[in-house]
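Me: I've got this one open and I'm new to it. Can you walk me through a few spots?

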Amino acid sequence: MVVSPPKVADSEIAKGGEVSPPAKSQQPALIAHACELVSNSSLNATPGDVVFGKAVHIVGQRVDALVVAFRLCPGWDVVETFRRRQELANSVGAAELALDDFRFALRRRRTPGRVPFENADLRGIFDENAADGFGLELTARATCLGTRRLEQTLNLLYCIASAFGVIHEARLRRFDLAADYAGFELDASDANRVQTRRARLDAFLVDEKDFDGIATCPALREHRNAAHRVTGITIAAGNPLMARVYAKDIELQQAGREEKRAMEHAIWSKHGWNGSDPVTRVEFQGRGVFLDEIRLRDPQALPERLDAVFQHCIRWVRLIDPSSSTRRTRCALDKRWEVVTETVFSHAAAPALRSRAYRGGARPSHVAGAVQSA
């Protein structure tokens, strides 16, 4: 079955200039209009409860990572073009790949077969011998997702895939749902406020140097800066569904993120950020078997499913007030998390249902635990 690109207006069809690296003279204009182009949803920017002396309210929300794989029949000259350009890149260090109106950069690579390429909007891998048949994988950059509507980004990926050949199937491999909250200040006690649907989380936080010799990663990881201030919490790291709660304003201060920092600040300012309040990002990453369990492998279905997935995630993990009850499962929500539960991407929706029919067999760690218990 041949998959056609999603139908969009003529003004939204990707042109060659949209995927080429913008000129330096055009970058300030791109950043200035970033907040106007992001329209994945209507932001509910009404200030919420006052927590730690600040009013918590949402200042941005979108899909911040997107990976789509395509099973296609490459054009008769695409494979040969890739081989020639990669040989050139291996000999001189870099080469340009031109397909229709799109331009990509190739770099020297020692391993044959999988050919990586990139431009200002995305990274890709072309594997003519892919075992599962999905020989093309496209990963949209965060700046591309931050300056386009999600539907436009999907259309761009489909148009690029069409330049490689006839698309037979598209498969969603990963996406990150992110929402930014001004006034949401992280506290040293937040690790003890995390509650999930699991039976419990270990209170002991494992340091990076302690991972050697540990068969499985800890369920909860805390991140601190040089001043020992809590800058983030990771829940279920490495799992098909994982969560991150981290100080986005601090993360953007790192070197090499000037363009992304300007883009994020423009979006936040448009939605009520005063330029000084701390901004915390609540982010959920879904991939692999989790996408099978919620039946979300079709990339074109993603825009309509954002709210359902987000509502499922904020019930799977949440911040609670441990002092509100003697049992953690009965504790009230943290005031900051109440604002998170009110987030709407496009429309109110019930939580996505998660089927257990796709679960595999017992993992080695489960077998070892059962043997030890016996």
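Me: Which strands each supply at least two residues to the lining of the largest cavity?
Reply: Those are β12, β13 and β15, the last covering 317-319. Keep in mind that this is a predicted model.

Me: Which of them gives the largest share?
Reply: β15 does, with 3 residues of the lining.

Me: And what's the volume of that cavity?
Reply: About 50 Å³. A search of the whole structure turns up 3 cavities of 30 Å³ or more.

Me: Ok, which residues line the largest one?
Reply: Val-194, Ile-233, Ile-235, Ala-243, Val-245, Phe-284, Val-317, Arg-318, Leu-319 and Trp-337.

Me: How does that lining split by class?
Reply: There are 9 nonpolar residues, no polar ones and 1 charged.

Me: Back to β12. Is it mostly covered or mostly open?
Reply: Mostly covered. β12 runs over residues 230-235, and 6 of its 6 residues are buried.

Me: In which sense does β12 pair with β13?
Reply: Antiparallel, over 4 bridges, with β13 spanning residues 241-247. If you want a spot to click on, Thr-234 stands opposite Arg-244 in β13.

Me: How many residues sit between the two strands of that hairpin?
Reply: There are 5, and in this hairpin Ala-236 takes a positive phi near 60 degrees.

Me: Switching to helices. What's the kink in α10 like, and where is it centred?
Reply: The kink is about 25 degrees, centred on Ala-308.

Me: How does the span of α10 compare with what you'd expect?
Reply: It agrees. α10 has 15 residues, 302-316, so at 1.5 Å a residue it should span 21 Å, and its end C-alpha atoms are 20 Å apart.

Me: Is α10 mostly covered or mostly open?
Reply: Mostly covered, with 12 of its 15 residues buried. Among them are Leu-302, Pro-303, Asp-307, Phe-310, His-312 and Trp-316. Ala-308, where the kink is centred, is also one of the buried residues.

Me: New topic: where is Ala-65 found?
Reply: Ala-65 is in strand β3, which covers residues 57-74.

Me: Why does Ala-65 count as buried?
Reply: Because its relative accessibility is 14%, and buried means under 20%.

Me: How far is Ala-65 from Arg-174, C-alpha to C-alpha?
Reply: Those C-alpha atoms are separated by 7.4 Å, while Ala-65 and Arg-174 are 109 residues apart along the chain.

Definitions and conventions:
Residues numbered from 1 in each chain as written. Predicted model: local features only at pLDDT ≥ 70, side-chain atom pairs only at ≥ 80, totals over all residues. Heavy atoms only, no water. Buried < 20%, exposed > 50% of the residue type's maximum accessible area, 1.4 Å probe, protein only. Pairing = 2+ DSSP bridges. 1 Å grid on protein atoms, 1.4 Å probe; cavity = no way out; pocket = protein on both sides within 12 Å on 5 of 7 lines; lining within 4 Å. Points joined across faces, edges and corners; volume = space filled by probe spheres on them. Nonpolar A, V, L, I, M, F, W, Y, C, P; charged D, E, K, R; others polar. Expected span 1.5 Å × (residues − 1). Bend = angle between axes of the 7 residues up to and from the residue.
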